[in-house]
Amino acid sequence: MKFAYRFSNLLGAVYRQGNLNFSKDGNAVISPVGNRVTVFDLKNNTSETLPFSTTKNITCVGLSPDGNLAIVVDEDGAALLISLITRAVLHHFHFHKPVSSIRFSPDGRKFVVTKENVALMYHAPGKRREFNAFVLDKSYYGPYDETTCIDWTDDSKCFVVGSKDMSTWVFGAERWANLIYYSLGGHKDIIVGCFFEKNSLNLYTVSQDGTLCVWESDTELDGLVLKKKQDRPKLPRQGEGEEEEDGNEDRVEGEEGEVIRGKVETAKEREKTKNVRYKMMSKHFFNKEGDFNNLTAAVYHKATHILVTGFASGIFHLHELPEFNLIHSLSISDQRIASVAVNSSGDWIGFGCSRMGQLLVWEWQSESYVFKQQGHFNNMASLAYSPDGQYIVTGGDDGKVKVWNTNSGLCFVTFTEHTSSITNVTFTSSGFVIVSASLDGTVRAFDLHRYRNFRTFTSPRPSQFSSLAVDVSGELVSAGAQDSFEIFLWSMQTGRLLEVLAGHEGPVSCLCFSPVQSVLASCSWDRTVRLWDMLDSWQAKETLPLTSDGLAVTYRPDGQELAVATLNGEISFWNPHTATQTGSVAGRHDLETGRKETDKITAKQSAKGKSFTSLCYSADGESVLAGGQSKFVCIYNIKEQMLIKKFEISCNLSFDAMEEFLDRRKMTEFGSLALVDEGAGDGDEVNISLPGVRRGDMSSRHFKPEIRVSSLRFSPTGRSWAATTTEGLLVYSLDGSMVFDPYDLDLDVTPASIRKQLRLQDWASAIVLAFRLNEKALKQEVLETVPHEQIPVVCGSLPDIYVEKLLGFVAACLEKSGHLQFYMTWAQNLLMLHGQKLKNRSGAILPTLQALQKSIQRHFDDLSKLCDFNMYNIRYAVALSKQRGLKRAAEEEEGDQEGEEDEELSEEMSEASLEDAEMML
């Protein structure tokens, strides 16, 4: 139960590909990130990644009008029906072909999916529980090439489909006598967007070459006439475009459904019902003469008549239709805008740029950003937690250092001073300084108060730094070079180079300072780990011989043990004081690497060269977390030297090396289809990527990034751990509400007996029983029933073993609860009454204390600003009242008295707020 970590959030990536959607209330953006979906709450400034994933990258997301359901489709056409309320997967379905777009009808009863050149209309899943949630209603044929976009009329009577064959087709959702289908031309390029006007059949169509056509219909929506039953001939001819009842045609994917085939010529009029006709009213062009720019995304907000268009150069335009007046245009990126969305009120516009991984929300009326996030657009190389676990810093191959808030899941500062890949990042012990090492030959220190780069450390001869460590005091900064095999030491205070430690005969792969004394452990490819004494003239104190090249080294949180990962897939454990090996784990079989598509050898053979590249101790030091060039992260128990749990960090088959065996369906008599690169040249040989290439062969047209874990860190609070992977920064945390984990359970420990103790006002025994049952809701109920004045008494009478548990629970509650003073009183009394006993076991309860500090610090940051603001307001009100008193001579005396009272009041209030602040601290 201790390792019941579940995936909780995805940071470091905000958008990959596919279409953006706003929630029904318009306050949240739903963004597809690889094979997951993240919801960004713009009002509360938080992000949440939904707990499901598809097998390939998501290409389109359809949202129901009530905002409760979403249909998510991946690259292969596999669909999931998701409840956005419970976050659960309700249904799996496969369309068997890639789907380009999906739209629910405004009444929520149907939805249309476009795949290849067909538009399929399904009955939307209802509130009834059905065996098959997706029932095909009708199939619409008409376009000759792939269909690209859909839009519905406001009353769900008709829908329009745009296609790559430059035509637009209007289809009736019901059997209208005067509108079965209608084909519109007028464009010279792929249709990007087609939109109905509000409560009308009038149309706007937008194509990729930047052309807008305005179409007017001669019929209103009320003018659509339902076809009578007897109107249907028994044997319809294909040329008439009626609904066909051909036995072979109406079976699509094994489901019954009508087939409607559209022809370019219009259907014949019969029974004096005049068919709907369209005529082009006007044609507008976005591109100025000589400035050609592909239009890549478009969206229309019907209520405000505003058309938003995004272009390949990163520019977007806002036009008012039908007059085509330009409201404003702006360049928001230097890459292609892949998706545009507008919220329900029409104030906020969301943009996604897939190449850069950018997600922006723009308020066009005030011309300001509501939300602006960008992930690392290359691999993430390293991560580090701040000492209180509130922030995570990441460094990427794009040379950027980003700091993320673990509560909101958003990045709040990006440092771009490095000019090459970041290899390592770390926090100092104060938590306000970030240090990063890079291949550009510099180590830089950043200040989190003023957000600036205040120190830059360099070596006498330029060298590429591959590893980094900062000592406990934050004074010594060390970095290992991968080309000169040396370790450099600088002083943080002066910025001067103190010493160059030579002795390794291979590149220095990892550095780590001891948490309790001034000893630096360095691990190298020369098969040694060296321990350097920082106090005794920087000499090598010990040399630990390894069986293979050293890749990673880390100290246990109490500094009494050292773990080293080597190239042969082993993790060895050493006592740093006696320089003896205390144990080892052979972990090569646990890595279970996959076979890349271009590999000539099997996964079993290639696994012999794979190993763990990142190590990290858990917060209590009893287990070690290991990850490397595979999709698995392993947790080992050090004492038992065995695997406890394995986490599969991704099931996304869009990455390379995910499967152990190659797909048989891709094998032909000429070899694997994956090896055949379109346009690879005239030679017979296929370009195999060079050995050691981690990102796939970027010179080929299509390349797949390889799945790997580059860095792992345990949170200081012990409640979560994070991994930087090809997907992004994955955070796994303990979800207490999902797991029943009782402690010292007995037959008489039941919710009823606990509530009985509460009625008898036996608070201490009720708390003990609640913690034995270990149900979160029940513990909170018991704790909040205890009267405020009884807290010191209860704290004093608690058994020692429950003091730690209660302190941990108070720390967790304090983070979310609004009862601030109540829980602060609990924490204060527990620490005051049991301080000495807790101090004796400080190593074991350190994660709990850090969680408590994190919660208190967060509230302090929020409230101190508010209190300061209120104090300034009160002072302003006092000053204003004195001014008023001076102006009116008649009321002078009264004014003075009021002023004195206000002054006394403000003094009392400021004293009270100061007392609160002291108590918090």
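The following questions and answers concern a predicted model.

Student: In what order do the four strands of the open sheet lie, and which are the edge strands?

Tutor: The four strands form an open sheet with antiparallel pairing, in the order S1-S62-S61-S60. Two of the strands pair on one side only. These edge strands are S1 (5-11) and S60 (709-714).

Student: What is the average twist from one strand to the next in the sheet S1-S62-S61-S60?

Tutor: The sheet in question is the open one whose pairing is antiparallel. From one strand to the next, its twist averages 20 degrees.

Student: Which residue of S61 is the bridge partner of Arg 713?

Tutor: Strand S60 covers residues 709-714, and five bridges join S60 to strand S61 (residues 720-725). The two strands run antiparallel. In S61, the bridge partner of Arg 713 is Ala 722.

Student: Is Arg 527 buried, partly exposed or exposed?

Tutor: Arg 527 lies in the loop between strand S47 (519-524) and strand S48 (528-533). Most residues other than glycine have a negative phi. Arg 527 is not a glycine, yet its phi is positive, at about 65 degrees. Because its relative accessible area is 43%, between the limits of 20% and 50%, Arg 527 is classed as partly exposed.

Student: What is the relative accessible area of Gln 641?

Tutor: Gln 641 is found in the loop between strand S56 (632-637) and strand S57 (642-648). Although Gln 641 is not a glycine, it has a positive phi of about 55 degrees. Gln 641 is partly exposed, and its relative accessible area is 35%.

Student: Which residue does a cis peptide bond join to Leu 321?

Tutor: Most peptide bonds are trans. The bond after Leu 321 is cis, with omega about 0 degrees. The partner residue lies in the loop between strand S28 (315-320) and strand S29 (325-331), and it is Pro 322.

Student: How does the lining of the second largest cavity divide into nonpolar, polar and charged residues?

Tutor: The model has seven cavities of 30 Å³ or more, and the second largest has a volume of about 50 Å³. Its lining consists of Ser 514, Gln 517, Val 519, Lys 541, Tyr 555, Gly 559, Pro 576 and His 577. These residues divide into three nonpolar, four polar and one charged.

Student: What distance does helix H8 reach from its first C-alpha to its last?

Tutor: Helix H8 has 14 residues, 820-833. Its buried residues include Leu 820, Phe 822 and Trp 826. At 1.5 Å a residue the expected span is 20 Å, and the reach of H8 is close to that, at 20 Å.

Definitions and conventions
Residues numbered from 1 in each chain as written. Predicted model: local features only at pLDDT ≥ 70, side-chain atom pairs only at ≥ 80, totals over all residues. Heavy atoms only, no water. 1 Å grid on protein atoms, 1.4 Å probe; cavity = no way out; pocket = protein on both sides within 12 Å on 5 of 7 lines; lining within 4 Å. Points joined across faces, edges and corners; volume = space filled by probe spheres on them. Nonpolar A, V, L, I, M, F, W, Y, C, P; charged D, E, K, R; others polar. Expected span 1.5 Å × (residues − 1). Buried < 20%, exposed > 50% of the residue type's maximum accessible area, 1.4 Å probe, protein only. Pairing = 2+ DSSP bridges. Axes fitted to C-alpha atoms, helices over the stretch in contact; angles between N-to-C directions.
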